[in-house]
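Got the viewer open? Let's take a walk through this model, one selection after another.

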Amino acid sequence: MPHSPVIMSARYTLQNHPAFGEPLSKEDLYTLVARGSLARGEMCVDEDTGLSHTVGELVSGMRPVTQSRLNRPAYREISPDHDIPDEEEDIEEEEEPEKEEKYRYTPSGEVILRHARPSWLGYTKALFLVLLLLIAAGLLLAIQLEYAVIALLCATSTFIAIGIARYSHDYIVTRERVELIWGIIGRSSKEARICDIRSIDVYESGLKGLLGLGTIDFSTAANAGIEVQFKDMRQAHEVKDLVRKLQRGGPATND
């Protein structure tokens, strides 16, 4: 009787990663990513084809195998005295939905530890103008309807402009870099690597400081000026502490 061929699982070798010199399977790569020991942006080579892939491409869509399914015996003896509720418990265990991954990732596969935008309170003058226009629209409603409509349209347009200005700026912190992304139609970005940052300046002053808003300036040795700036964001000092922890190689979370 002919034997069926044994299908060998693909093996991958990490590039420029001395900690993992031996070839690894997809399951090994997924385990390392889940533990935080390996970034999804790392490159690896398929031992069979010689093609290069990112770790994120290989482990995309994978889910951890439930331990109870691995330990389940190959057969089960049927007993007339066995209770039916135990069978229902097994079915419920199999149908339990998988938990979603905790972290979000950049397009390059890096874990996003902090994602923020300028606070609404950073546009205090514009919001105050919207409030005045709304009050004017309410007063003009009893005098001249046309003027009230014009004031209301101006207030709405100003508020929409504030929303566009806020959502067109993204502040991102990963394990490897801090990045500022801005723009509506065309998106531009500016970044600085965590290991290259030499100074982090936080400014909280005036009314914005009372409201808990601050500006963070990241400077590197390669540039005498400010490399990346996060303006009008909440918890500015916590972001600074997060970046310092990453520089020291300490644990970091996205809380």
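Start on the outside. Select Phe 128, Leu 131, Leu 132, Ile 135 and Leu 139: together they make a nonpolar surface patch of about 500 Å². Phe 128 sits in helix α5, which covers residues 124–140. Is Phe 128 buried, exposed or partly exposed? Partly exposed, because its relative accessible area is 49%, and the partly exposed class lies between 20% and 50%.

Before going further, keep in mind that this is a predicted model.

**Zoom out**

Now show the whole chain as a cartoon. You should find eight helices and eleven strands. The protein has 255 residues, and 30% of them count as buried. Switch on the surface and you are looking at about 17,300 Å² of accessible area, 56% of which belongs to carbon and sulfur atoms. As for contacts between residues at least 6 apart in sequence, 51% join residues at least 24 apart.

**The open sheet**

Next, color the strands β4 to β8. Five strands form an open sheet here, in the order β4-β5-β6-β7-β8, with antiparallel pairing. Its edges are β4 (104–105) and β8 (188–193), each of which pairs on one side only. As background, strands of a sheet pair through backbone hydrogen bonds, either parallel or antiparallel.

Select residues 169–174 and 177–182. These are β6 and β7, antiparallel strands joined by five bridges. Look for Tyr 171, which stands opposite Leu 180 in β7.

Move on to β7 and β8. How many bridges join β7 to β8? There are six, and this pair runs antiparallel. A good place to check the register is Val 178, which stands opposite Ala 192 in β8. Follow the chain around the end and you'll see that β7 and β8 form a hairpin with five residues between them. Stop at Gly 183 in that turn: its phi is positive, about 120°.

**Into the core**

Time to go inside. In soluble globular proteins, nonpolar side chains tend to be buried together. The largest nonpolar core here has 22 residues. Select Val 173, Val 178, Ile 197, Ile 216, Phe 218, Phe 230 and Val 243, the members that touch the most others in this core. Elements that give two or more residues to this core are β5 (111–116), β6, β7, β9 (197–203), β10 (213–220), β11 (228–234) and α8 (236–248). Which element gives the largest share? That is α8, with five residues.

Center the view on Ile 216 and show what surrounds it. Leaving aside residues up to four places away in sequence, Ile 216 touches Ile 200, Asp 201, Val 202, Val 228, Gln 229, Phe 230, Met 233, Ala 236 and Val 239.

There is a second, separate core to visit as well. It has 13 residues, among them Leu 14, Tyr 30, Leu 38 and Leu 58.

**The charged pairs**

Side chains of opposite charge can pair when their charged atoms come close. In this model the count of salt bridges comes to eight.

Begin with Arg 114 and Glu 238, whose closest N and O atoms are 4.0 Å apart. This pair links distant parts of the chain: Arg 114 is in strand β5 and Glu 238 is in helix α8, 124 residues apart. Arg 114 counts as buried because its relative accessibility is 13%, under the 20% limit. Glu 238, at 42%, counts as partly exposed.

Then select Asp 170 and Arg 187, which meet in a salt bridge at 2.5 Å, N to O. Asp 170 lies in strand β6, while Arg 187 is in the loop between β7 and β8, 17 residues apart. Asp 170 is buried, with a relative accessible area of 5%, whereas Arg 187 is partly exposed at 43%.

For another pair, show Arg 193 and Asp 196. Their side chains meet in a salt bridge of 2.9 Å, N to O. Arg 193 is partly exposed, with a relative accessible area of 45%, and Asp 196 is partly exposed too, at 27%.

Make one last selection: Glu 110, Glu 176, Arg 177 and Glu 191. These four residues are linked in a network of salt bridges.

Key:
Residues numbered from 1 in each chain as written. Predicted model: local features only at pLDDT ≥ 70, side-chain atom pairs only at ≥ 80, totals over all residues. Heavy atoms only, no water. Pairing = 2+ DSSP bridges. Helix = DSSP H or I, 4+ residues; strand = E, 2+ residues; numbered from the N terminus. Core = buried A, V, L, I, M, F, W, Y, C linked by side-chain atoms within 4.5 Å. Buried < 20%, exposed > 50% of the residue type's maximum accessible area, 1.4 Å probe, protein only. Contact = heavy atoms within 4.5 Å. Patch = residues over 30% accessible without salt bridge, like charges linked within 9 Å, V, L, I, M, F, W, Y side chains within 5 Å. Areas by Shrake-Rupley, 256 points an atom, 1.4 Å probe, with all protein chains shown as cover.
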